[in-house]
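Biologist: Got a minute to walk me through this one? I have a few things to ask.

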Amino acid sequence: MTENTGTQTTYTKSLAVTGTGALALALLTGCSTAEPEGGSTPAEGGAATTTTAPAESTPAGSSPAESSPASGDDPVFAAIDAVHAQHPDAFVVQVDRDDNGTSHEIEAHLEGEVLELTVAQDGTVREDDGRDRADDRELRARDAAVDATQAAEAALEGREGQGIDEMELDEEDGALVWKVELDRENGGNGDELRVDAMTGEVTQDR
């Protein structure tokens, strides 16, 4: 009886050791499993999932579209900008600053119609009631390679102390020209110019 009991005890211990070894082996096996590459997060159940951010691609040579407003200290540039902000496709053909300098009367063409606009110092644009159809001469104004902003810049270049009083796109001897009148800061009359609407060349009348 004693011998049998000893045998039973030895057998039980062997099972215990064997079970512990199996458990240790399982734990070691789990620890030796390679971790997923960077960016992975454990999902439910212990499995790892990897999230890959989509690569951003920029076509070679591409750049964001840029839009630069008219630049310059003369108030005429802000007035023209205000018109384009409200009517992006309008083509300004005439600008007239009022006597007290608080607003600009601007004529522009839009889809075959003539717009009569008043631009205040704060950039507010008011459109006069009613629109007229543009005539053939007015429609030809679209052929000009030099717009109102460029004509004003050309006219003011090198003329310190003068500002735009009036400017109008007109046709002379079959050619399109910008007629520009300047005022001096002291209130006196400034230069009168012609700006070629195709080349931007400036000639002085007086």
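Biologist: Which residue in strand 8 stands opposite Val95?

Modeller: First the fine print: this is a predicted model, with local features needing pLDDT of at least 70, side-chain atom pairs counting only at pLDDT 80 or more, and totals for chains, interfaces and linings using all residues. Residues are numbered from 1 along each chain as its sequence is written, and side-chain values use heavy atoms, leaving out hydrogens and water. Strand 3 and strand 8 (residues 162–172) pair in the antiparallel sense over three bridges; strands are DSSP runs of E, at least two residues, numbered from the N terminus, and two strands pair if DSSP finds at least two bridges between them. Opposite Val95 in strand 8 you'll find Met167.

Biologist: And which residue of strand 4 does Gln94 stand opposite?

Modeller: Strand 3 also pairs with strand 4, antiparallel over six bridges. The two form a hairpin with five residues between them, and Gly101 in the turn has a positive phi of about 70 degrees. Opposite Gln94 in strand 4 is Glu107.

Biologist: Why is strand 3 largely enclosed by the rest of the structure?

Modeller: Strand 3 covers residues 91–97. Buried here means under 20% relative accessible area, exposed over 50%, and partly exposed in between (1.4 Å probe, protein chains only). Strand 3 is largely enclosed because the number of its seven residues that are buried is five.

Biologist: What is the relative accessible area of Glu105?

Modeller: Glu105 sits in strand 4 (residues 103–110). Glu105 counts as partly exposed, at a relative accessible area of 37%.

Definitions and conventions: Helix = DSSP H or I, 4+ residues; strand = E, 2+ residues; numbered from the N terminus.
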